[in-house]
Amino acid sequence: MKKLLGLVVAFVLAMSNILQANAEAEFSYEAGAEVVSAYLWRGTYCGGLSFQPSVSIGYEGDKTSFTFNVWGSVGASDWRFKKDLELTAEGYDPNTYFSPELDIAAQFSLFGFNVGFTHYYYFGGSNFFSWQPIQTVYENENTSTTEVQAGFDFGYWFENVPIYINWYTMVAGCDGFTDETTGEVRQNYTSYLELGFAQDFSHGWSLDANIGFSPWTSQDIYGNEGFAVQNLSLRLDKTWEWDACSLSIFAQGMLNPSAINKENVYIHEGGELKADQALNGLIGLGIWF
C-alpha cells in the first residue's frame, strides 16, 4: 500500500513540475454537475436517476496538460443505505443494490499521448483504499478499486482524424478471481480497451461514439473468460456557452453485445436484475463553471 501511494504522489508531483516549467501551460479549473436519467458505464447499467458532481484543477498547454479530478455519483433510488426494507419475492431489494460512488483521478498528456489513474470508492466498503494483498481485500469485504490508464489522441497530430484509443487495467482493490486448483484468490487485472470517435460540430453540437473490448477475463456483468465486445455507445451533446458558465443537454444509447439474448435485452425490474440489461439509454442535463 505504501509503495503504491508513493508512486501516485510521485506521479502527481512530477507531472505538476513538468507543466509548471512549460511556459505555455496555464492553470485551469472546472466545476459542475450532471443529472442523468441512468448511470451507464462501459456496457453496464450502474444505477437509475443520478446526480453526478465533478471538480477538476490542473495545467493546460498546447503540448502538455495535467488534470486532477474528483467525481461523484449519488442515485435517487438506488441507495445501499436504506435499511430494513422488505425484499421482493426474488430475494433482492431494488432500492439498495447500487451505492454512492466517489472517484479520484489524475491524467497527464504529452503530444497526444496520455497516462493516468483512477481510484473508485463505493460507499459501504470497509476501506477507502483497498491496496492490501488481494486475499485480505476479499476477507475484509473491501469494495474499492484502483485503475491505471494509457491512451493516444490521434486528433492531436491529424486534425481530420478525431479518433482516440485508451487502455485501462485495474491494479489493486476488489478485482480478483478464485483459482480452481488452489482455492486462493488472485488479482485479475481486469482490463478494458476503448476505441472512440469524438467530433465537435458547429452551433455547440458534439458527438462521441466508442466501442469497448474486454481482452480477457473481466469484471463485467457476464464474467467474460476471454476477448469480448462489451460496449457499443453513442452520445450526442448540445452545449450553450456563456461567460460565466455553460449548459448542455445530451442523450446516450449503449449496447452490451456480450452474451446478449432475448431475456436480457430489456429488463423491467430494478436492482440487481437491472444490471444484467444489455440495451440502455439515458438523457441528461449538465452545467459547468
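Let's start with Ala105 and the residues around it. Not counting neighbours within four places in sequence, Ala105 is in contact with Thr67, Phe68, Asn69, Phe117 and Thr118. Keep in mind that you're looking at a predicted model. Ala105 belongs to strand E6, which covers residues 101-110. Is Ala105 buried or exposed? Its relative accessibility is 16%, and because buried means under 20%, Ala105 counts as buried. You can also look across to Ser56: this residue is 49 residues away from Ala105 along the chain, and the two C-alpha atoms are separated by 9.3 Å.

Now zoom out to see where E6 fits in. Twelve strands close into a barrel, and if you walk around it you pass E1-E4-E5-E6-E7-E8-E9-E12-E13-E14-E15-E16 in that order. The pairing is antiparallel. From one strand to the next, the twist averages 20°. And what holds strands like these side by side? Strands of a sheet pair through backbone hydrogen bonds, in either a parallel or an antiparallel way.

Let's check a few of those pairings, beginning with E9 and E12. Strand E9 (residues 163-173) and strand E12 (residues 191-200) run antiparallel and are joined by seven bridges. If you want a spot to look at, find Asn166, which stands opposite Glu194 in E12.

Further along the barrel there's E15, made of residues 246-255. On one side, E15 runs antiparallel to strand E14 (residues 228-241), with ten bridges joining them. E14 and E15 form a hairpin, and four residues sit between them. On the other pairing, ten bridges join E15 to strand E16 (residues 279-288), again antiparallel. Ser246 is a handy residue for seeing both pairings: Glu241 stands opposite Ser246, while in E16 the bridge partner of Ser246 is Trp288.

E15 also has two faces to tell apart. Which residues make up the covered face? Those are Ser246, Ser248, Phe250, Gln252 and Met254. The uncovered face has Leu247, Ile249, Ala251, Gly253 and Leu255.

Next up are the charged side chains. Side chains of opposite charge can pair when their charged atoms come close. How many salt bridges does this model have? The count comes to three. One of them is between the side chains of Glu34 and Arg235, at 3.4 Å from N to O. Glu34 lies in strand E1 (residues 26-36) and Arg235 in strand E14, so this pair ties together parts that are 201 residues apart in sequence. Glu34 counts as buried, because its relative accessibility is 15%.

Arg235 turns up in another salt bridge too, where its side chain meets that of Asp237 at 2.9 Å, N to O. Asp237 has a relative accessible area of 11%, so Asp237 is buried. Since these salt bridges share partners, Glu34, Arg235 and Asp237 are joined into one network.

That leaves the pair formed by Arg42 and Glu147, whose side chains meet at 2.8 Å, N to O. Arg42 sits in the loop between strand E2 (39-41) and strand E3 (44-47), while Glu147 is in strand E8 (residues 145-153), so the salt bridge ties together parts 105 residues apart in sequence. Are these two buried or exposed? Arg42 is buried, with a relative accessible area of 14%, and Glu147 is buried as well, at 2%.

Conventions: Residues are numbered from 1 along each chain as its sequence is written. This is a predicted model: local features need pLDDT of at least 70, side-chain atom pairs count only at pLDDT 80 or more; totals for chains, interfaces and linings use all residues. Side-chain values use heavy atoms; hydrogens and water are left out. Buried means under 20% relative accessible area, exposed over 50%, partly exposed in between (1.4 Å probe, protein chains only). Contact means heavy atoms within 4.5 Å. Two strands pair if DSSP finds at least two bridges between them. A salt bridge is a side-chain nitrogen of Lys or Arg within 4 Å of a carboxyl oxygen of Asp or Glu. Axes are lines fitted to C-alpha atoms, for helices over the stretch in contact, and angles run from 0 to 180 degrees between N-to-C directions.
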